[in-house]
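Here's a quick briefing to read alongside the model. Have the sequence and the 3D view open, and we'll go through it topic by topic.

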Amino acid sequence: TPQGYIGGDAFNLGFSKLLKEYVDTNGLVNYPRLRRFRLELNNAAENLCNLKPEVYITWSRNEKIAFWINAYNICTLKGIVDNYPITPSKFMLLFYPANSVMHIQGLRDKTYFMIMGLQYTLEEIERDQLLGRFEEPQACFAVCYGTLGSAALRPEPYIGKVLDEQMAEQVKDYFARPGAFRIDEAGGGVHLSSIFKMYKWREDALVKKYGTNKLFREHRDVDRAALNFVKDYISEQNEEFLTRKQYS
């Protein structure tokens, strides 16, 4: 093993203190406080940068996925804190509240973060690693965009050993929100979050993994895949409605 070796879960657990201290149980971040003590955040970012690729390649698949999710979330926090307090743009105020991360231009696609000595944007982490390399649509519910509509931030890091449980919990919590999933029996409709339609690459990853022809064949590809995905995370009663009833 390389010198200074550290296992995947040991590395990921290094983010515990930071997340526990500044993220509450609802996934809300204390940004003013995090900004005051941003040395901790800068140290976490430094650790991402200094991790040796020859150490990373020895980790299990789940430890690697957990690593990229943690990297995404730490970099999001850093991107926001580096621009805090947020200066709203007049144009964006038409669409978003004054303190929204949407006012930080290029946070997701033009801001570079150093990971293992290479530059990545947040978008590249999600598109190329989590969805491209690992083909893991569940990760869409683990990466936090710093918005109330996105997945919630956990007050703990993801680790390989319990990654499946952590991700399943994230998806369940997300679809328990009335804005994310709702059945309108009277109107014969099912309302589903457009979380998978935000980007073409999200759609592609979802369809690739869940676009089976065994169920929901009357629906379009992406809707069929979304229904196949969602059915495992909702109540039995709701799952029965999805699989047995006619709806739009």
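A quick word on naming before the pockets come up: helices (H or I, at least four residues) and strands (E, at least two) are DSSP runs, numbered from the N terminus. Keep in mind that this is a predicted model. With that numbering, strand 4 (189–192) and helix 10 each put at least two residues into the lining of the second largest pocket, so that's a handy place to start.

**The second largest pocket**
- This pocket holds about 240 Å³ of space.
- Its lining runs to 14 residues, and the ones closest to the centre are Val190, Leu192, Lys197, Asp223 and Ala226.
- Which element gives the most to this lining? That's helix 10, with four residues.
- Sorted by class, the lining comes out as seven nonpolar, four polar and three charged residues.

**Helix 9 against helix 10**
- Helix 10 (residues 221–230) also pairs up with helix 9 (residues 200–210): their axes come within 9 Å and cross at roughly 65°.
- Left-handed or right-handed? The crossing of helix 9 and helix 10 is left-handed.
- On the helix 9 side, the contact is made by Glu203, Leu206, Val207 and Tyr210.
- Helix 10 answers with Asp221, Val222, Arg224, Ala225, Ala226, Asn228 and Phe229.
- Taken by class, that contact has seven nonpolar residues, one polar and three charged.
- Look out for Ala226, which sits in the contact with helix 9 and is also among the residues closest to the centre of the second largest pocket.

**The largest pocket**
- About 1000 Å³ of space lies in this one.
- A total of 44 residues line it, and Val101, Tyr145, Gly146, Thr147 and Leu148 are the closest to its centre.
- The lining splits into 25 nonpolar, 13 polar and six charged residues.

**The cavity**
- How many cavities of 30 Å³ or more are there? The count comes to one.
- The volume of the largest cavity is about 40 Å³.
- Its walls are made by Leu19, Asn70, Asn73, Leu153, Arg154, Glu156, Pro157 and Tyr158.
- By class, that lining is four nonpolar, two polar and two charged residues.

**Cysteines**
- Searching the whole structure for disulfides turns up zero.
- Cys49 is in no disulfide, and the nearest cysteine sulfur, that of Cys75, is 10 Å away.
- Cys144 is in no disulfide either; for this residue the nearest cysteine sulfur is again that of Cys75, 13 Å away.
- Why rule out a bond for Cys49 and Cys144? A disulfide needs a pair of cysteine sulfur atoms within 2.5 Å, and the nearest sulfurs are 10 Å away for Cys49 and 13 Å away for Cys144.

**Backbone spots to check**
- The peptide bond from Tyr84 to Pro85 is cis, with omega near -5°.
- Where does Pro85 sit? Look in the loop between helix 6 (61–81) and strand 1 (113–115).
- Met116 has phi near 50°, which is a positive value in a residue other than glycine.
- You'll find Met116 in the loop between strand 1 and strand 2 (118–120).

Notes: Residues numbered from 1 in each chain as written. Predicted model: local features only at pLDDT ≥ 70, side-chain atom pairs only at ≥ 80, totals over all residues. Heavy atoms only, no water. Axes fitted to C-alpha atoms, helices over the stretch in contact; angles between N-to-C directions. Left-handed = near helix turned anticlockwise from the far one by under 90°. Contact = heavy atoms within 4.5 Å. Nonpolar A, V, L, I, M, F, W, Y, C, P; charged D, E, K, R; others polar. 1 Å grid on protein atoms, 1.4 Å probe; cavity = no way out; pocket = protein on both sides within 12 Å on 5 of 7 lines; lining within 4 Å. Points joined across faces, edges and corners; volume = space filled by probe spheres on them.
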